[in-house]
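Student: Please take a close look at one part of this structure for me, the aromatic side chains and how they are placed. I am new to it, so go step by step.

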Amino acid sequence: MTADAKVPVTVLTGFLGAGKTTLLNRILTERHGMRIAVIENEFGEVGIDDALVIDAEEEVFEMNNGCICCTVRGDLIRILGTLMRRRDRFDHVLIETTGLADPAPVAQTFFMDDEIGEQLRLDGIVTLVDAAHLLRHLDEEKPEGVENEAVEQIAFADRIVLNKTDLVDAAQLAEVHRRVREVNALADVHEAVQADVDLRAVLDIGGFDLTRALDLDPAFLTDGEHQHDTTVTSVGIELPGELELERLNEWLGELLSTKGADIFRSKGVLAVAGMPERYVFQGVHMLFDGTHGPEWGDAERVSRAVFIGRHLDRAALEAGLRSCLRTPVAAR
């Protein structure tokens, strides 16, 4: 099969909270004439991202319980195989990785699996960068042998969306540009607020260059192992019942102000007393934002929250959210 006849695949990556799902929602709602199948990988025991992705006609496959670059890579190959059996339904495949994924093993899939490589081509790796928090993640010291995911995601990018530029001043933005260029001097960089970027810059770009990937990592085409930082974990909480808004605000405010440096990402869909809609919150370190989601209707009111970070105290997080219940419920 010629390269033009193969289905293009975009790998959408970026560190936790960089704005990947915001860009995905733009891709799913803007008129670009493409039918896109989405494969979404989430790092967490409780799925939240499905609630954050807007309803769309496109096919969306979820992959939970592990990181796409290692433990659930076999699932990725199986889903891609399933998609190929109904390829008349879409023109493009988009894979959203977790914020802790190394994109290199994902990209390998299209060169090391013959069946996949014959039908799909890697169009490009698009990396979202959070201008407000990038520097601390680039400078983070990792245990020996453990990769810095933020560096890897930028190094392998064919396009970089420098997001959240409204949250930094001119000096910090210039420093972020400089540090990004230190890691990757070749990728086009597009500044954005709320991931608002011209989609022609990120879709169907023909940007992935195998030669450059091999220059970055001579072992790119070997099936080697890589290590994640085991101090970074995810705590997922599911809690039936309704939460008191005042207690919730007080607890979340205290939690993020005292532990926010180690909580890379927080997100949840919550049932708040007196609120007919779902309350959707997202946080990156100390920054926090909440919006109203769809109404609950007749659905059971169950709050789901995920915290991803370093040295998380599962018992304390569960007890903290439970303390916000309007009617106390004993832990199961």
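Tutor: Four aromatic pairs are present in this predicted model. A pair of aromatic rings is described by the distance of the centres and the angle of the planes. Take Phe 15 and Phe 264: their ring centres are 5.8 Å apart and their planes stand at 55°, a tilted pair. Phe 15 sits in the loop between strand E1 (7–14) and helix H1 (20–29), whereas Phe 264 belongs to strand E9 (residues 263–270). With the two positions 249 residues apart, the pair links distant parts of the chain. Both Phe 15 and Phe 264 are buried.

Another pair is made by Phe 281 and Phe 288, with 5.5 Å from centre to centre and 25° between the planes, so this pair is stacked. Phe 281 has 2% relative accessibility and therefore counts as buried. Phe 288 has 32% relative accessibility, so Phe 288 counts as partly exposed.

An aromatic ring can also be seen with a charged partner here: Arg 278 lies over the face of Trp 296, 4.3 Å from the ring centre.

One further aromatic residue, Trp 251, appears where two helices meet. Trp 251 is in H10, and together with Leu 248 and Leu 255 it meets Leu 317, Gly 320 and Leu 321 of H11. By class, this contact has five nonpolar residues, one polar and no charged ones. Helix H10 covers residues 245–259 and helix H11 residues 314–322. Their axes are 9 Å apart, at an angle of about 155°, and H10 and H11 are therefore roughly antiparallel to each other.

Notes:
Residues numbered from 1 in each chain as written. Predicted model: local features only at pLDDT ≥ 70, side-chain atom pairs only at ≥ 80, totals over all residues. Heavy atoms only, no water. Axes fitted to C-alpha atoms, helices over the stretch in contact; angles between N-to-C directions. Helix = DSSP H or I, 4+ residues; strand = E, 2+ residues; numbered from the N terminus. Parallel < 35°, antiparallel > 145°, perpendicular 65-115°, else oblique. Contact = heavy atoms within 4.5 Å. Nonpolar A, V, L, I, M, F, W, Y, C, P; charged D, E, K, R; others polar. Phe/Tyr/Trp six-rings, centres within 6.5 Å; stacked < 30°, edge-to-face > 60°. Buried < 20%, exposed > 50% of the residue type's maximum accessible area, 1.4 Å probe, protein only. Lys NZ or Arg CZ within 6 Å of the ring centre and 35° of its normal.
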